Amino acid sequence: MGGDTLNSSGLPPFTLTGLPGLETSQHWMFLLLGALYIVSIVGNALILFIVKEEQSLHQPMYYFLSLLSVNDLGVSFSTLPTVLATFCFHLREIGFNSCMAQTFFIHLFSFMESGILLVMSFDRYVAICNPLRYTTVLTDGLVVRMGLSVIIRSFCVVLPLPFLLKRLPFCKVNVLSHAYCLHPDLIHLPCGDITINNIFGLFIVISTFGLDSALILLSYVLILHSVLSIASREERIKTLNTCVSHVCAVLIFYVPMVGVSMAAHYGGHAPQYVHTLMSLIYLFVPPMLNPVIYSIKTKEIRRKFCKILLGTKYLEEPETPMRNFGTNVSSTTSITLMGFPELESLEHWLAALLPLLYAISILGNILILFIIKEEQSLQQPMYYFLSLLSVNDLGVSFSTLPTVLASMCFHAPETAFDACLAQMFFIHFFSWTESGILLAMSFDRYVAICNPLRYSSMLTNARVAHMGICVIMRSFCMVFPLPFLLKRLPFCKANVLTHSYCLHPNLICLPCGDTTVNSTYGLFIVICAFGVDSVLILLSYVLILHSVLAIASQEERLKTLNTCVSHICAVLIFYVPMVSVSMVHRFGKHAPEYVHKFMSLLYLFVPPMLNPIIYSIKTKEIRRRLHKMILGLKL
């Protein structure tokens with residue numbers, strides 16, 4: 001390229017740069033962006049399918065939502081080829097005409113989204129300010145014409161952009177600062193006069209984003225004026241609630257756009273990757289979050305989601321407690337799980353937080369298993385036990401995941417009685433297995449420190465396998481009777497649990513028969529498992545401490561104890577929440593119900609999430625492999 005001048009006839013190629021300054025993180029970005037693409041494409045495709053299949057959704061509001069989903073799919077598919085090529089296959093060169101085509105489609109769908117949000121605000125204005133005329137004003141014919149107007153307007157304002165660029169000579173290095181082609185990025189490359197390009201770019205931004213945002217704001221001023229004239233406070237809130245999804249969609253579209261503009265004008269000294277990340281947020285966040293927002297806030301879509309994904313009958317409210325009165329186990333077909341009715345205003349935040357915790361837990365433990373399998377230096381007893389711990393933590397996560405997501409995210413709290421018993425079995429099975437694994441790991445640390453010369457002869461692969469099998473068999477034998485002890489009892493109380501998953505201490509409060517055997521057996525296995533394991537772990541560390549104190553050098557003592565830090569942390573994050581749950585249950589009778597639920601969630605969520613993080617931070621071999629996999633750095 002050098003200083004040679006190339007005009008449009010030469011069709012110079014462009015080089016995409018991804019994230020300049022963060023080249024070592026490209027693989028990690030590829031994993032993240034791939035997940036965002038999947039969420040966006042699947043989410044919007046599901047919205048389209050639901051609106052098509054659900055007869056009650058055949059109305060203007062959802063026609064516009066369908067158009068928004070089609071547009072979001074267009075945004076995703078416009079950027080997908082070059083983003084994957086850049087981050088996954090390191091193919092950074094794109095032809096001139098291909099770049100022009102991508103520029104056209106990205107800006108076409110961006111301007112269309114602004115127009116769609118405007119017509120959706122008009123829909124909300126008519127529905128609230130003129131509800132009696134809604135069906136006569138927003139006829140199918142008018143909806144189609146509005147949609148076509150948005151598409152034609154966007155097409156007309158974007159069409160000149162590629163031609164205005166192709167007329168210019170290119171004599172600079174044609175390197176773009178993104179993994180896709182955008183007009184503001186491209187107009188810095190020509191060496192000719194770009195005044196017309198800048199003026200036209202400013203004109204279409206003002207005539208689309210500027211005008212649309214002003215009209216959307218005006219529509220909400222009129223909506224607010226109409227709502228404030230309603231006498232009942234409850235009716236005012238109910239009316240405004242119909243606008244929440246659209247307001248969120250407007251904010252997640254315009255706020256990143258304003259952020260990109262502010263960064264471009266006032267963030268000149270910021271690293272280039274800051275601008276690139278802001279641009280990624282602008283293009284990725286709306287297509288990903290729009291289907292999530294409308295799924296959570298729209299009852300009809302949420303009901304259909306439950307039917308498609310969970311095969312569960314959607315319930316707006318839990319079943320009336322007296323409905324199951326007088327039933328025995330033979331007629332008990334369902335259990336109602338409760339989320340956080342006391343914190344109803346925070347349920348949407350919990351619905352966003354819990355999937356994130358699940359993702360961290362599942363991905364972290366899978367990475368630990370993969371690293372131990374691939375890294376030859378980790379083929380030793382300590383890491384075999386860690387692998388077993390990771391498998392167990394995955395089991396805990398997958399045991400609670402279906403009902404937690406169903407009750408918190410999809411408001412589908414009902415689960416079959418047998419399914420509830422199965423979930424109870426697996427949750428307690430993996431909990432007791434984790435206690436046994438931590439005991440086996442403490443024995444590993446004891447042998448490694450107190451009898452280091454006999455470590456390899458004592459902890460052979462066969463013995464490690466036997467210890468693992470013993471832990472699993474013990475847990476299975478102790479938990480196996482629990483479902484059968486429950487099924488023999490008559491149920492005549494309300495079948496409503498106080499958690500979003502099934503636990504034995506919760507379930508034994510439902511039967512109206514004698515639960516003495518259940519309570520006694522439950523206490524027995526808690527003592528045999530958690531009680532004995534915790535005492536033996538404590539004993540092993542007493543012996544370890546005695547052995548370490550016999551070492552003359554303080555530096556060696558600290559070095560030796562440092563090999564136990566990860567295991568001690570794993571023990572603490574397992575037993576401390578468990579003891580806290582027990583203490584709150586025994587002595588916190590007057591505490592609000594949600595305090596007990598949060599403690600129970602901590603007990604089930606914290607160990608699977610933190611164990612892989614602790615071992616990744618404290619274990620040099622795992623840390624090195626993680627850097628090699630994710631960051632491409634040699635340590």
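**A tour of the predicted model**

Start by selecting strand β3, residues 334-337: two bridges join β3 to β5, and the two strands run parallel. This is a predicted model, and the tour returns to its confidence values further on.

Within β3, pick Leu337 and look across to β5, where Leu497 stands opposite. Helix α15, residues 417-450, packs on the sheet and touches β3, β4 and β5. With α15 and β4 both shown, the direction of the helix makes about 85° with that of β4.

Now show the whole sheet. The sheet is open and has three strands in the order β4-β3-β5, with mixed pairing. The edges are β4 (414-416) and β5 (496-497); each has a single partner strand, so one side of each has no neighbour in the sheet.

Go back to α15 and select Ala448, which is found in that helix. Is Ala448 buried or exposed? Its relative accessible area is 22%, and because buried means under 20%, Ala448 counts as partly exposed. Add Thr563 to the selection: its C-alpha atom and that of Ala448 are separated by 9.5 Å, although the two residues are 115 residues apart along the chain.

Next, select helix α2, residues 60-87. Its end C-alpha atoms are 40 Å apart, which agrees with the 40 Å that its 28 residues should span at 1.5 Å a residue. Where is the kink in α2? Centre on Leu80: a kink of about 40° lies there, shortly before the proline Pro81. With the surrounding chain switched on, α2 is mostly covered, 23 of its 28 residues being buried.

Helix α14, residues 381-408, is the next stop. From its first C-alpha to its last it reaches 40 Å, close to the 40 Å expected for 28 residues at 1.5 Å a residue. Move along α14 to Leu401, where a kink of about 40° lies shortly before the proline Pro402. Of the 28 residues of α14, 21 are buried, so the helix is largely enclosed by the rest of the structure.

Finally, colour the chain by pLDDT. The average over the chain is 82, and 84% of the residues score at least 70. Select residues 1-9, where pLDDT stays under 50; the model has 21 contacts beyond four places in sequence for this stretch. Then select residues 311-331, where pLDDT also stays under 50. For residues 311-331 the model has 42 contacts beyond four places in sequence.

Terms used. Residues numbered from 1 in each chain as written. Predicted model: local features only at pLDDT ≥ 70, side-chain atom pairs only at ≥ 80, totals over all residues. Heavy atoms only, no water. Pairing = 2+ DSSP bridges. Helix = DSSP H or I, 4+ residues; strand = E, 2+ residues; numbered from the N terminus. Contact = heavy atoms within 4.5 Å. Axes fitted to C-alpha atoms, helices over the stretch in contact; angles between N-to-C directions. pLDDT = per-residue confidence, 0-100. Expected span 1.5 Å × (residues − 1). Bend = angle between axes of the 7 residues up to and from the residue. Buried < 20%, exposed > 50% of the residue type's maximum accessible area, 1.4 Å probe, protein only.
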